[in-house]
Amino acid sequence: MGKTSRCLKATMCTDVKSFSSMMGKDEEGTVDLIREHRKLFRSRLEKYGGEERSTSGDSFFVLFDSASAAVDCALEIQKEFKRRNKYKKMTRPGEQLWIRIGIHMGEVIYDEKEDDV
């Protein structure tokens with residue numbers, strides 16, 4: 001069995017609302033939107049000390065040292081997408097993105113052998 005350790009972290013899980021149906025309607029366009037989403041998201045993670053642990057499709061799993069950093073990061077991301085969506089509503093309504101963000105505070109278990117949480 002591999003070596004594990006525990007520590008207190010805030011976790012953030014995100015996804016894009018209606019991602020699957022968006023892919024079904026316009027795969028290439030949705031992939032472009034997800035690239036834009038990732039760029040914006042990652043630029044905010046660094047500012048708040050978020051550690052991106054995994055991403056798949058439209059989702060992120062991120063660790064923070066404090067709940068307040070995770071919440072502040074989530075609020076800034078949501079505000080940025082609100083501004084973005086307001087502009088897109090007027091210019092290209094099909095390119096709006098709605099991001100869902102969940103935050104939890106608790107112990108995480110690091111599996112050092114697998115480099116996984």
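Ser18 is partly exposed in this predicted model, because its relative accessible area of 38% falls between the cut-offs of 20% and 50%. You'll find Ser18 in the loop between strand 1 and helix 1. Now look at its backbone: phi of Ser18 is near 65 degrees, a positive value in a residue other than glycine. Most residues other than glycine have a negative phi.

Ser18 also helps line the largest pocket, so let's look there next. Rolling a probe the size of a water molecule over the atoms shows where empty space is left. The largest pocket has a volume of about 170 Å³. Along with Ser18, its lining includes Met22, Lys25, Asp32, Gly94 and Glu95. Helix 1 (19–25) and helix 2 (27–47) each supply at least two lining residues, and helix 2 gives the most, with four. Sort the lining by chemistry and you get two nonpolar, five polar and four charged residues.

Next, step back along the chain to Thr14, which sits in strand 1 (residues 4–16). Thr14 counts as buried because its relative accessible area is 5%, under the 20% cut-off. What does Thr14 touch, leaving out residues up to four places away in sequence? The contacts are Phe41, Asp58, Ser59, Phe60, Ile99, Arg100 and Ile101.

Finally, head to the segment after strand 4 (99–111), where Asp115 is found. Phi of Asp115 is near 50 degrees, again a positive value in a residue other than glycine. Is Asp115 buried or exposed? Asp115 counts as exposed, because its relative accessibility is 57%, over the 50% cut-off.

Definitions and conventions: Residues numbered from 1 in each chain as written. Predicted model: local features only at pLDDT ≥ 70, side-chain atom pairs only at ≥ 80, totals over all residues. Heavy atoms only, no water. 1 Å grid on protein atoms, 1.4 Å probe; cavity = no way out; pocket = protein on both sides within 12 Å on 5 of 7 lines; lining within 4 Å. Points joined across faces, edges and corners; volume = space filled by probe spheres on them. Nonpolar A, V, L, I, M, F, W, Y, C, P; charged D, E, K, R; others polar. Buried < 20%, exposed > 50% of the residue type's maximum accessible area, 1.4 Å probe, protein only. Contact = heavy atoms within 4.5 Å.
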